[in-house]
Structures are given as structure tokens and as C-alpha cells.
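Me: I should like to understand the reasoning behind several terms used for this structure. Please take them one at a time.

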Amino acid sequence: MFTTRAFAATDPTSPLAATSIPRRDAGPDDVELEILFCGVCHSDLHTARNEWAAWPTIYPCVPGHEIVGRVVKAGPKVTNFKPGDLAAVGCMVGSCRTCPSCKEGLEQYCDTNGTVFTYNSPGPDAIAPATYGGYSDRIVVNEHFVLRVSPKLDPAATAPLLCAGITVYSPLKHWGAGRGKKVGIVGLGGLGHMGVKFAHAFGAHTVLFTTSTSKIEDGRRLGADEVVVSRNADEMTKHARSFDLIVNTVAASHNLDPFIGLLKRDGAMVLVGAPEHPHPSPTVFGLLLARRSLSGSGIGGIAETQEMLDYCAERNIVSDIELIPVPKVNEAYERMLKGDVKYRFVLDMKTL
Ligand SMILES: [Zn+2]
Ligand SMILES: [Zn+2]
């Protein structure tokens, strides 16, 4: 065990502050990273403030699951990493590795509920009550859950790919977004802006839905073929029954029916935002009269996350970020609540 610096929440209402936390020593299969950059995800804020009843926060809480760092140690059984390599850690650091979902590379859906999340998962190491995330100087992770990062990519702007990126990449792939398909992305935040970039890169006719007219120009710059202001019923009606897929990234409770009505027969809307309060139930007729489905998707498996990072290196796709010093994270949370970020805050960990 060793001690490392971190930035933590100690209760739901106090600002996050500097502290120190224990980490396990790197075992034979472990990689130890010096964390360079960590993205700031809306889940960090929900967890720091204990806002998800289904997943109560264990304090102290060190958020952060969009981690890019440099390998400083690799255990003797580690085969894919050596000291000096750029590497990344996303939302998971462990799973059972033996159930059918894990064997298919879908560790995030581990059938034994064995997914160990990067922070606020009851501590598997017995050195801390919960896992501690990336608002920290060092992290030690089993090699299976560590990703390779191409030196071609800007490491700070790569960090948000580890949660925001894979959360939209995975459903776009699973539901076949590509040429000849009309794909909607609801919301232009951290997830949404990556959704627009990926849907566009895959060749789909990409439509951004936003509530704010101020985002029209940016939506187009990021790759949207069309931008629809979803508060405008006339604009919405023009797109009735025309979408193959809608990926809804909004993390606040809202009426889903207007979007379901835009799906073609057999179309699907996939929810990827995690709101504090549930959405009102959609009307059943909206679904059954056109065999539409409403689904959900959570991050992506390790193999698919690596595939995404490699794809991004090839196509030079990264997140649009605002790099900030660690102590500014409390202010960043307040700005995120107002939607005042383009489009992800990333912590520069050398300022810790
Ligand atoms: Zn996240
Ligand atoms: Zn499993």
C-alpha cells in the first residue's frame, strides 16, 4: 500500500478539497499510472453530491473516470504495457471475467453484478471502503482494464472519450448507425457533442436536437447535417416517422414521447443519460403502433473502448475541452449545471 494525493468530496454539500488516499501496490497483473488528465463527467457531480438513490455515495469520494496517464510501473505478468507508455482508464477497473457477458467483452454488463466501477464501488482491495477515481495523482489497475492511447492523440482531449465517447460510440455501433441511416442525437453536452462527431464520422445523416438556438451553429460545426430546436413543434413534426435511431443523451427528466414519434417503424431510441429523477413513462401506443423500441445502453466493454480509441487515432477525433486546474473543479460543477461548458472540462492533474 502507498499513499497518493487526491481531490475528494467528504460529504454531499462541502466543496471537493485536497486530501490523500491509499492505493494498493501494483501486483503481478497491475499497471500503475501517473495520471496526467482527468475529464469531469456529470456522474462525478451526481456521485460527489450523493444524488443517485440507487447508488449511494461512500465518503470520502474521489470521482473521475476519464483518465489518461503515463505508465510508471507494470507488474511482471503485464504484457501490453511498459513504463513510459501513454494509457487510459475509463469507468471500470474490474469484473468477474468469467460470466457470459464478461466473456463476450461486455464487462460493464457483468451477469454477476461483478463490475467494479472506477470510483464509489465497494472497495475490492480491502484498503479503502470504496474505489477511488481519477481526481488523483496515481492509480493502480489490472492490465485488462487499461487501454492503450496512441501518441498521435492529444492526451487531454482524449480523456473524455473514456466515458462520454464510449457511451455514445457503443450504441451507435450496436444499432448500426452508418451510411443510409438517419440518426438523431438529443442534447449537445459532453456526450451529445461526441455523438454528433461519431454519427457523422460513421456516415449517417446526423440530426442534432437541442433546446437552445445558440447551439445551432456549433452543432453544424461538429458534424450535424441538420439541427432541430426540439421546443419548436413545427420543426419536430417535419421529421415524424423518419429516424432509424435516436440516441438521447439528456441527463434530466423529460417527456420522451415527442422523440419516439419521430422514429420510423422498427426504429429505436436509446437512453444514455442518467437523470436524478426518472423520465415520465412514454405512451405505450407511441411504441406499439410502429413496433418502436425504447432502450438503454451503458458505456462499452474494454475491447470496444480500445476499438474506439484506435478509430479516433486514425480519424483524429477527440473531445472539445476546456482544460482547468484541479481546484477549479467546484466552479466547473456549477458551470456544468448551467450547461456552460464547451463541451467537457478536463483537469490538468499536475496542478493537484
Ligand atoms: Zn462518466
Ligand atoms: Zn462477469
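Reply: Certainly; please note that this is a predicted model. Strand β10 (residues 182-186) and strand β11 (residues 205-210) pair in the parallel sense, over five bridges.

Me: What makes β10 and β11 a pair?

Reply: Two strands pair if there are at least two bridges between them. β10 and β11 have five bridges, so they count as a pair. Within this pairing, Ile185 has Leu208 in β11 as its bridge partner.

Me: Why are β12 and β15 called edge strands?

Reply: The open sheet has six strands in the order β12-β11-β10-β13-β14-β15, with parallel pairing. β12 (226-229) and β15 (293-296) each pair on one side only, and they are the edge strands. From one strand to the next, the twist averages 20°.

Me: Why is α4 described as roughly perpendicular to α10?

Reply: The angle at which α4 and helix α10 (residues 302-315) pack is about 100°, and their axes are 10 Å apart. Angles of 65 to 115 degrees count as roughly perpendicular, so α4 is roughly perpendicular to α10. The residues that meet include Ile166 and Tyr169 in α4, and Met308 and Tyr311 in α10.

Me: What makes Cys41, His65 and Cys163 donors of the zinc ion (ligand 1)?

Reply: Donors are N, O and S atoms within 2.8 Å of the metal. Cys41 (SG), His65 (NE2) and Cys163 (SG) lie 2.0 to 2.2 Å from the zinc ion, so they count as its protein donors. Along the chain, the donors follow the spacing C-x23-H-x97-C. His65 and Cys163 are 98 residues apart and link distant parts of the chain.

Methods
Residues are numbered from 1 along each chain as its sequence is written. Chains are lettered from A and ligands numbered from 1 in the order in which they are written. This is a predicted model: local features need pLDDT of at least 70, side-chain atom pairs count only at pLDDT 80 or more; totals for chains, interfaces and linings use all residues. Side-chain values use heavy atoms; hydrogens and water are left out. Donors are N, O and S atoms within 2.8 Å of the metal (3.2 Å for Na, K and Ca); water is not among the atoms, so sites may look incomplete. Helices (H or I, at least four residues) and strands (E, at least two) are DSSP runs, numbered from the N terminus. Axes are lines fitted to C-alpha atoms, for helices over the stretch in contact, and angles run from 0 to 180 degrees between N-to-C directions. Angles under 35 degrees count as roughly parallel, over 145 as roughly antiparallel, 65 to 115 as roughly perpendicular and the rest as oblique. Contact means heavy atoms within 4.5 Å.
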